[in-house]
Amino acid sequence: MSDAFSIRLAREDDIPALEVLIPLSVRVLQAPFYSPAQMEAALGPVFSVDRQLISDGTYFVVEHSGHIVGCGGWSRRRAEFGGDQTRCAEDAALDPAHDPARIRAFFVHPDWARRGIGRSILSACESAICAAGFRDVVLVATLAGEPLYSSFGYSVAERYDVPLPDGLMLPVVRMVKSFKSE
Ligand SMILES: CC(C)(COP(=O)(O)OP(=O)(O)OC[C@H]1O[C@@H](n2cnc3c(N)ncnc32)[C@H](O)[C@@H]1OP(=O)(O)O)[C@@H](O)C(=O)NCCC(=O)NCCS
């Protein structure tokens with residue numbers, strides 16, 4: 001079977017497949033970094049579909065043989081992470097001249113890890129971010145995601161804990177990159 005995959009913008013009708021992919025990706029690929037209790041508590045408030053990214057046309061899916069095996073995107077809006085559950089109104093727009101764009105919500109199917117899908121989505125995001133006039137990017141990485149972003153030249157700005165339900169905490173990393181000198 002071919003390993004070829006293709007990338008395209010996500011559509012509303014991809015949401016049911018994304019709602020299956022995201023928990024699968026989290027429960028397997030984050031297991032070396034977070035406890036089961038942390039992962040279950042973060043599924044929903046932190047890790048979930050953000051319809052705003054899909055309707056903005058800034059969210060990508062990667063397909064293999066018609067199945068979605070990865071997703072991720074960027075944002076021209078203020079939120080740094082989270083999905084529909086944590087937002088009650090439309091998220092405010094950023095100013096490309098002054099604000100950093102966001103990288104958001106990357107999830108790869110465990111069977112497809114380390115085959116370049118994350119890299120391919122991140123490259124597409126960076127191209128779109130530059131085309132939209134942004135010169136800086138910020139993201140909040142999981143400990144599972146940190147090596148991908150490091151490999152693209154993102155540097156650690158801050159390590160902190162996101163509070164979760166039931167008093168749990170999720171250690172994350174705020175990472176930044178500037179395109180100004182590129
Ligand atoms: C983070 C994630 C999206 C990476 O996706 P991926 O498709 O496996 O990443 P790629 O194959 O494109 O990796 C590109 C490069 O990133 C680095 N990298 C990615 N995963 C790594 C890992 N587990 N360990 C070390 N380096 C890693 C490597 O430099 C890699 O290049 P190489 O394979 O040639 O050495 C994936 O692990 C994932 O979905 N994790 C669970 C969900 C999650 O935490 N998402 C991050 C939200 S911020």
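User: Happy to be looking at this one with you! In which loop is Ser65 found?

Analyst: Glad to help, and do keep in mind that this is a predicted model. Strands S2 and S3 form a hairpin with two residues between them, and Ser65 sits in the turn with a positive phi of about 50 degrees. That places Ser65 in the loop between S2 and S3.

User: Is Ser65 buried or exposed?

Analyst: The cut-off helps here: a residue counts as exposed if 12 or fewer other C-beta atoms lie within 10 Å of its own. Ser65 has 9 such atoms within 10 Å, so Ser65 is exposed.

User: How far apart are the C-alpha atoms of Ser65 and Ser6?

Analyst: Along the chain, Ser65 and Ser6 are 59 residues apart. In space, the separation of their C-alpha atoms is 9.2 Å.

User: Which residue is the bridge partner of His64 in S3?

Analyst: Let's start from the strands. S2 covers 59–64 and S3 covers 67–75, and these two strands pair in the antiparallel sense over six bridges. Within that pairing, the partner of His64 in S3 is His67.

User: In what order do the seven strands of the open sheet run?

Analyst: The edge strands, which pair on one side only, are S1 (6–9) and S6 (155–163). S1 pairs with S2 in the antiparallel sense over four bridges, while S5 and S7 are antiparallel over six bridges. The pairing in the sheet as a whole is mixed, and the order is S1-S2-S3-S4-S5-S7-S6.

User: By how many degrees are neighbouring strands of this sheet turned against each other on average?

Analyst: Seven strands make up this open sheet. With direction ignored, the average turn between its neighbouring strands is 25 degrees.

User: Which strand does H4 run at about 35 degrees to?

Analyst: Helix H4 spans residues 117–131. H4 lies across S1, S2, S3, S4 and S5, and the strand to which it runs at about 35 degrees is S3.

User: Which strand gives the largest share of the largest nonpolar core?

Analyst: That core has 44 residues, and the ones with the most contacts inside it are Phe60, Cys71, Ile121 and Leu139. Phe60 itself touches Cys71 and Ile121, and its other contacts include Ile7, Leu9 and Ala124. The largest share of the core is six residues, and it comes from S4 (residues 101–108).

User: Why would nonpolar residues gather like that?

Analyst: It is a general tendency: in soluble globular proteins, nonpolar side chains tend to be buried together. In this model the largest such core holds 44 residues.

User: Which residues around the ligand are the closest?

Analyst: The shell contains 11 nonpolar, seven polar and three charged residues. H1 (15–29), S4, H4 and H5 (146–151) each supply at least two of its residues. Of the 21 residues surrounding the ligand, the closest are Gly118, Arg119, Gly145, Pro147 and Ser151.

User: One more place, please: with which residues is Asp84 in contact, leaving aside its neighbours within four places in sequence?

Analyst: Asp84 is in the loop between S3 and S4, and it counts as partly exposed because it has 13 C-beta neighbours inside 10 Å. Asp84 and Val46 are 38 residues apart in sequence, yet 9.7 Å apart from C-alpha to C-alpha. With those sequence neighbours set aside, the contacts of Asp84 are Ser48, Val49, Asp50 and Arg51.

Key
Residues numbered from 1 in each chain as written. Predicted model: local features only at pLDDT ≥ 70, side-chain atom pairs only at ≥ 80, totals over all residues. Core = buried A, V, L, I, M, F, W, Y, C linked by C-beta atoms within 7 Å. Buried ≥ 20, exposed ≤ 12 C-beta atoms within 10 Å, placed from the backbone. Contact = placed C-beta atoms within 7 Å. Near = placed C-beta within 6 Å. Nonpolar A, V, L, I, M, F, W, Y, C, P; charged D, E, K, R; others polar. Pairing = 2+ DSSP bridges. Axes fitted to C-alpha atoms, helices over the stretch in contact; angles between N-to-C directions.
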